Amino acid sequence: MNPPTVGVVGGGILGMTAALRLAEEGVKVSLYERAPDLGGLVGSFDFDGRPVDRFYHVNLPTDDRVLGLAEELGLSDRFRFRPTKVGFYGEGRLFSMTSPKEFLTFPLLSMPDRVRLAAFVARCQLIKTHDELDALSLVEWLERTSGRRVTERLWKPLLDSKFDGRFDDLPATYIWARTKRMSKTRDKTGAEVMGWLEGGYTTLIDAMERRICELGGEVHASTQVDQIAGGESRTTGLVIDGRFRPFDFVLCTLAPPQAKNVLAPELKEHAHDERFRYLGVACLLLRTSQSISPYYHLNITDRRVPLTTIVETTHVVDTDHVGGHLVYITRYVDPSNEIHDRREEDVEAELLGHARTIFPDLTDDVIVSRKVQRARVTEPVHLVGGAANIPDLFPVPGLALASLAHVYPEISSGQATMGVTNRVVPGILERLRVARSEAVAA
């Protein structure tokens, strides 16, 4: 009997890891990605002859799913982990927030407020599940547990920078999950330890592509899926370049708004794109001849500078591999924000101008290369009561819809995305097994 067939739509990290796991189980996998390169948001691009991450990404020492997959593919020796510095820009000044001593003298908060913030962080570690937080308003919870002054001076500016000014409908799980994730990354000095896979996530994506093909699967970049075909009774296959190709099962890994565009009319209601808001991003990537920031990651609480963060990844990434120092000047925005439609040179001038407010030494003579990268939809924003809004992974027979919409309450990351893979693949295999048994019995 021929092996079961699965068509995978989307060549990001979720689609690639799912295709690999299915191929390892003997499934005949065919993956389709409309872009010329695999990886999606974790992919790279040619930056003046050097492959560089399109957007900045970080690996933590606790990212066991990512590290485990890299080890399986023979890449574990290509990780680099280094202590990094964390900075704040507030009230027109730069502050380090790296060590416990710096936390105790953090000038944006009074001593009583620092004590209350420390108690809040400790409390987050004691909360084991998100159940009690899911239905709570984030701002109300922060005011109650951190205090009004800490919320106004610290949390609200940070939320404003991340969510483009709209954060009143977020659940308390957001800060809890972020605090839990980052709390385990500090070394003995209190510094955060960040990691980089040599070559970026593209190294992992390329290794997965090779392995999928070795196992008999197919990976098709630059291939547009016109439609996921089928009806309410079941999904039957994919329409690709105007031709129907049958599959026993289809896995779509696109974000709900994008999935809705390719689902057959009878299936569109299952995209559930109305359950979330979404974030987009505009990012100016610079290659510079010298280090610009002493910090890997800069938090910006001074909202006169409308940026989310400035990340100098070459505090972790080897400069020799990327041809200099890499600086990501990033602003998260609503998908409707006009920055998505403006001329690239105008976006570049705006983001660079804001960055120079913080780092005046960022002059033209130290900038070697520059490139604006934008994405209208990067991740869903889960709202209060988010657990009840997680879409069904298997809405109709023969179809799985898995995406970042299923990352909750975790914060979006490669680690969290692979967690979705670990949930959807066993479900696909079980449904294929049942279908095969029913066909044999018939």
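**A tour from sheet to cores**

Start with the small sheet: three strands make up an open, antiparallel arrangement, in the order β10-β11-β12. Keep in mind as you click around that this is a predicted model.

Now color β10 (225-230) and β12 (243-246). These two stand at the edges with a single partner strand each, so one side of each has no neighbour in the sheet. Look along the sheet and you'll find a twist that averages 30° from one strand to the next.

Next, add β11, residues 235-240, which pairs with β12 in the antiparallel sense over 4 bridges. For a close-up, select V239 and F244: F244, in β12, is the bridge partner of V239.

Time for some helices. Select α5 (residues 138-145) together with α6; their axes come within 8 Å and cross at roughly 145°. That crossing is right-handed. Show the side chains where they meet: α5 brings L138, V139, L142 and E143, while α6 brings R148, T151, E152, W155, K156 and L159. Sorted by type, the residues of this contact are 5 nonpolar, 1 polar and 4 charged.

From here, step into the largest nonpolar core, which has 50 residues; W141, W155, L159 and I175 touch the most other members. Helix α6, residues 148-162, gives the most to this core, with 5 residues.

Zoom in on L159. Leaving out residues up to four places away in sequence, L159 touches L138, L142, F167, L170, Y174 and I175.

Last stop: select L14, I205, A400 and L432. They are among the 43 residues of another core, which lies apart from the one you just visited.

Conventions. Residues are numbered from 1 along each chain as its sequence is written. This is a predicted model: local features need pLDDT of at least 70, side-chain atom pairs count only at pLDDT 80 or more; totals for chains, interfaces and linings use all residues. Side-chain values use heavy atoms; hydrogens and water are left out. A nonpolar core is a set of buried Ala, Val, Leu, Ile, Met, Phe, Trp, Tyr and Cys residues joined through side-chain atoms within 4.5 Å. Buried means under 20% relative accessible area, exposed over 50%, partly exposed in between (1.4 Å probe, protein chains only). Contact means heavy atoms within 4.5 Å. Two strands pair if DSSP finds at least two bridges between them. Axes are lines fitted to C-alpha atoms, for helices over the stretch in contact, and angles run from 0 to 180 degrees between N-to-C directions. A crossing is left-handed if the near helix is turned anticlockwise from the far one by less than a right angle, and right-handed if clockwise. Ala, Val, Leu, Ile, Met, Phe, Trp, Tyr, Cys and Pro count as nonpolar, Asp, Glu, Lys and Arg as charged, and the others, Gly among them, as polar.
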